Amino acid sequence: MATPLEQVCSTLYDTDYNLWVLETVKQLEKRDFDSVDWQNLIEEVSDLSRRQKKSLKSLLRNLWEHLLKLTYWESEVERNQFHWQGEIRNFRKQIQDELADSPSLKNYLQEIHGECYQDAREIVSDKSQLPLSCFPETLAVTLEQVLDENWFP
């Protein structure tokens, strides 16, 4: 059974997340560990890694999407080339920022590289109305090339 303090903390967590965070920080700073809503705090800390991984996956998928557009969507290249190149640079920089904060996630990127490429193939096929078969089924480049700001297909 939850104690009255746990009920108040849980209620605050459910009704005003920002206030819950601020209160939790105050409790930790004061070393008032008995008042900390440990269950929700542990859940939130665990979720930080999932959020960062989800963000990286989205960035890598978007990077691949724009690389594929630049390479294969010939009817739109003239009009969109510079926009796509800017987006490619932006996604690369965001990925590098994430990896600077958490270098251990480089292994995760390696794991999902092929999946993100396949997702991007499908997305670009839908957007361009080009058949999926227009895009190579297997990767011909490494993750390092894809992340290299000077590399373009």
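Student: How far apart are the mean positions of the positive and negative charges of the protein chain?

Tutor: Before the charges, note that this is a predicted model: local features need pLDDT of at least 70, side-chain atom pairs count only at pLDDT 80 or more, and totals for chains, interfaces and linings use all residues. Residues are numbered from 1 along each chain as its sequence is written, and side-chain values use heavy atoms, with hydrogens and water left out. Lys and Arg count as positive and Asp and Glu as negative, while His and the chain ends are not counted; each charge is placed at NZ of Lys, CZ of Arg, CG of Asp or CD of Glu. For the 17 positive and 28 negative charges of the protein chain, the distance between the mean positions is 3 Å.

Student: Which order of elements does the protein chain show from the N terminus on?

Tutor: Helices (H or I, at least four residues) and strands (E, at least two) are taken as DSSP runs, numbered from the N terminus. The protein chain has six helices and zero strands. From the N terminus on, the order is α-α-α-α-α-α.

Student: What radius of gyration does the protein chain have, set against a compact globule of 153 residues?

Tutor: The radius is taken over C-alpha atoms, and the globule rule is 2.2 Å times the number of residues to the power 0.38. That rule puts a compact globule of 153 residues near 15 Å. The C-alpha atoms of the protein chain fill a box of roughly 65 × 30 × 25 Å along the principal axes. The radius of gyration of the protein chain is 22 Å.

Student: What percentage of the 153 residues is buried?

Tutor: A residue is buried under 20% relative accessible area, exposed over 50% and partly exposed in between (1.4 Å probe, protein chains only). Of the 153 residues in the protein chain, the buried share is 34%.

Student: Which two residues does Tyr-108 contact, leaving aside its neighbours within four places in sequence?

Tutor: Tyr-108 sits in helix H5, which spans residues 105-128. Tyr-108 counts as buried because its relative accessibility is 15%. With contact meaning heavy atoms within 4.5 Å, and with those sequence neighbours left aside, the partners of Tyr-108 are Lys-53 and Lys-57.

Student: How many salt bridges does the structure hold?

Tutor: Side chains of opposite charge can pair when their charged atoms come close. A salt bridge here is a side-chain nitrogen of Lys or Arg within 4 Å of a carboxyl oxygen of Asp or Glu. In this structure the count is nine.

Student: Is Arg-51, the salt-bridge partner of Glu-44, buried, exposed or partly exposed?

Tutor: Glu-44 and Arg-51 form a salt bridge with their closest N and O atoms 2.7 Å apart. Glu-44 is buried, since its relative accessibility is 11%. Arg-51, at 40%, is partly exposed.

Student: Which helix holds Lys-69 and Glu-65, which are four residues apart?

Tutor: Lys-69 and Glu-65 form a salt bridge whose closest N and O atoms are 3.2 Å apart. Both residues are buried. Because they are four residues apart, about one helical turn separates them, and the helix (residues 38-72) is H3.

Student: How many residues apart in sequence are the parts tied together by Lys-127 and Glu-65?

Tutor: Lys-127 forms a salt bridge with Glu-65, with the closest N and O atoms 2.6 Å apart. Lys-127 lies in helix H5 and Glu-65 in helix H3, so the pair ties together parts whose separation in sequence, in residues, is 62.

Student: What is the relative accessibility of Glu-65?

Tutor: Not counting residues up to four places away in sequence, Glu-65 touches Ala-120, Ile-123, Val-124 and Lys-127. Glu-65 counts as buried because its relative accessibility is 4%.

Student: Where is Gln-129, which has a positive phi although it is not a glycine?

Tutor: The phi of Gln-129 is about 65 degrees. Gln-129 is exposed, because its relative accessible area is 66%. Its place is the loop between H5 and helix H6 (143-147).

Student: What is the phi of Arg-31, a residue other than glycine?

Tutor: Arg-31 lies in the loop between helix H2 (17-29) and H3. At 59% relative accessibility, Arg-31 counts as exposed. Its phi is positive, near 60 degrees.
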